[in-house]
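Thanks for coming, everyone. I have one structure to walk through today. Please have a look at it first.

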Amino acid sequence: MKSYLSGIQPSGLLHLGNYFGAIQHHIALAQQPGKHWYFIADFHALTTVRDPEVLRRNVFETAVTYLSLGLDPEKAVLWRQSDVPEVMEIAWLLSTVTGMGLLERAHSFKDKTARGIKSSVGLFTYPILMAADILAYDADFVPVGQDQVQHVEMTQDMAGHFHEVYNSEVFRRPECLLPAAGAAKKVPGLDGQKMSKSYGNDVWLFESGKKLKKRIGQIVTDSRPPEEPKDPDAIFLFDLLALFLDPAELKSLKDAVRQGGEGAPGYGHLKGRLTEAIDSHFANARAQREDFLAHPERVWQALESGAARARVQARAIRDRAFAACGIR
Ligand code: TYM
């Protein structure tokens with residue numbers, strides 16, 4: 001049976017990029033046969049979140065988000081990364097066989113420090129902990145968005161180095177699993193760059209009503225009037241609309257923008273349609289969320305039982321790795 005594993009950082013409220021790039025895929029996969037492992041990467045989030053209350057709240061919100069969107073904790077194991085300390089032990093073993101050069105090539109470290117995030121040792125060695133997350137559960141596939149592909153490739157390299165050094169095949173080689181062709185590999189944020197909490201250009205997936213309208217109103221557009229013909233494929237607002245609208249409606253809006261003239265939809269109209277679509281797409285899940293917020297014990301219970309299951313698996317693989325390198 002194949003196994004699927006992915007993690008998400010509780011560095012803020014989850015946004016449309018997390019949803020279309022990863023969570024939607026995770027929940028759909030969990031309906032299929034296989035072993036499914038999804039965790040909340042709170043150790044990773046410490047590289048950017050410095051407020052303990054905020055971190056606790058984000059962990060809870062991340063779990064609530066998965067459950068409200070329909071992840072069945074019976075079919076998929078959902079847990080908090082820090083509840084499985086064996087992963088840290090595997091991370092240490094991997095760090096001893098990983099060259100500095102491999103980490104120096106990581107795009108995400110360069111992007112984050114360029115954006116002003118403090119370049120701590122933890123931020124630099126982030127991919128090692130991520131590799132341990134993946135290898136600790138014998139994952140065959142890692143469903144992630146485009147921005148995490150390099151991290152999965154680095155995981156393959158680290159496992160390979162470990163096997164070479166110790167001449168034994170301890171870890172399973174994981175493969176990346178991107179959203180299906182045509183789906184969102186990289187969802188743009190309000191400014192057209194990758195949507196990201198740390199870039200401040202994100203839209204919370206449960207935002208609604210006036211706040212949502214205001215947020216969508218902040219999407220960057222230009223000052224060309226509605227009647228001027230435009231290339232819709234060069235307008236990233238359409239990349240967001242494409243996530244929600246059916247193909248026929250999307251095509252007719254694009255055709256109208258391309259043609260221009262009297263009655264062509266302006267940016268305000270397109271933003272209004274996007275607001276409506278987001279609001280209705282998540283209406284059901286928002287109601288589920290309210291239910292979970294009223295019963296937090298159900299959320300903690302799901303995380304606790306998930307951690308117990310995850311720990312059994314990680315411990316077995318940690319023991320295998322220890323045996324290979326002569327610890328114990
Ligand atoms: P994180 O928390 O940044 O993002 C979680 C998932 O959401 C995807 N994603 C996006 N997809 C498309 N467009 C976007 N704008 C966008 N923003 C985020 C990410 O690709 C990711 O799949 N390092 C990971 C967390 C992690 C992990 C792991 C993942 C820790 N250990 C082990 C897989 C396996 C991260 O920062 O994801």
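Which residue lies over the face of Y267, and at what distance from the ring centre? The residue is K230, and the distance is 5.5 Å. Keep in mind that this is a predicted model. There is another case of this kind. R115 lies over the face of Y199. Here the distance from the ring centre is 3.5 Å.

Now to rings that pair with rings. How many aromatic pairs are there? The count comes to 16. Take one of them, F39 with W79. Their ring centres are 5.3 Å apart, and the planes make an angle of 35°. That makes the pair tilted, because stacked needs under 30 degrees and edge-to-face needs over 60. Where do the two partners sit in the chain? F39 is in strand β2, residues 35-40. W79 is in strand β3, residues 77-80. The partners are 40 residues apart, so this pair links distant parts of the chain. Are they buried or exposed? F39 is buried, and W79 is buried as well.

Rings also gather in a group. Y19, F20, W204, F206, F244 and F282 form one aromatic cluster. Hold on to F206 from that list. It comes back with the next residue, T65, because T65 touches F206. T65 also touches L14 and L205, leaving aside residues up to four places away in sequence. You will find T65 in helix α3, which covers residues 52-68. Why does T65 count as buried? Its relative accessible area is 1%, and the cut-off for buried is under 20%.

On to cysteines. How many disulfides does a search of the whole structure find? The result is 0. Let me pick out C176 and C325. C176 has 26% relative accessibility, so it counts as partly exposed. C325 has 22%, so it is partly exposed too.

Last topic: domains. The domain assignment gives domain 1 as 3-185 + 296-325, in two pieces of the chain, and domain 2 as 207-281. How far apart do their C-alpha centres lie? The answer is 35 Å. In the contact between them, 4 residues of domain 1 meet 4 residues of domain 2. Interface size is often given as the accessible area lost when the parts come together. For domain 1 and domain 2, about 360 Å² is buried between them. Of that area, 86% is on carbon and sulfur atoms.

That's my tour. Over to you.

Technical notes: Residues are numbered from 1 along each chain as its sequence is written. This is a predicted model: local features need pLDDT of at least 70, side-chain atom pairs count only at pLDDT 80 or more; totals for chains, interfaces and linings use all residues. Side-chain values use heavy atoms; hydrogens and water are left out. Rings of Phe, Tyr and Trp (its six-membered ring) pair if their centres lie within 6.5 Å; planes under 30 degrees apart count as stacked, over 60 as edge-to-face and the rest as tilted. Helices (H or I, at least four residues) and strands (E, at least two) are DSSP runs, numbered from the N terminus. Buried means under 20% relative accessible area, exposed over 50%, partly exposed in between (1.4 Å probe, protein chains only). A charge sits over a ring if NZ of Lys or CZ of Arg is within 6 Å of the ring centre and within 35 degrees of the ring normal. Contact means heavy atoms within 4.5 Å. A disulfide is a pair of cysteine sulfur atoms within 2.5 Å. Domain bounds come from an automatic or database domain assignment. Buried area is the accessible area (1.4 Å probe) that two parts lose on being put together, summed over both.
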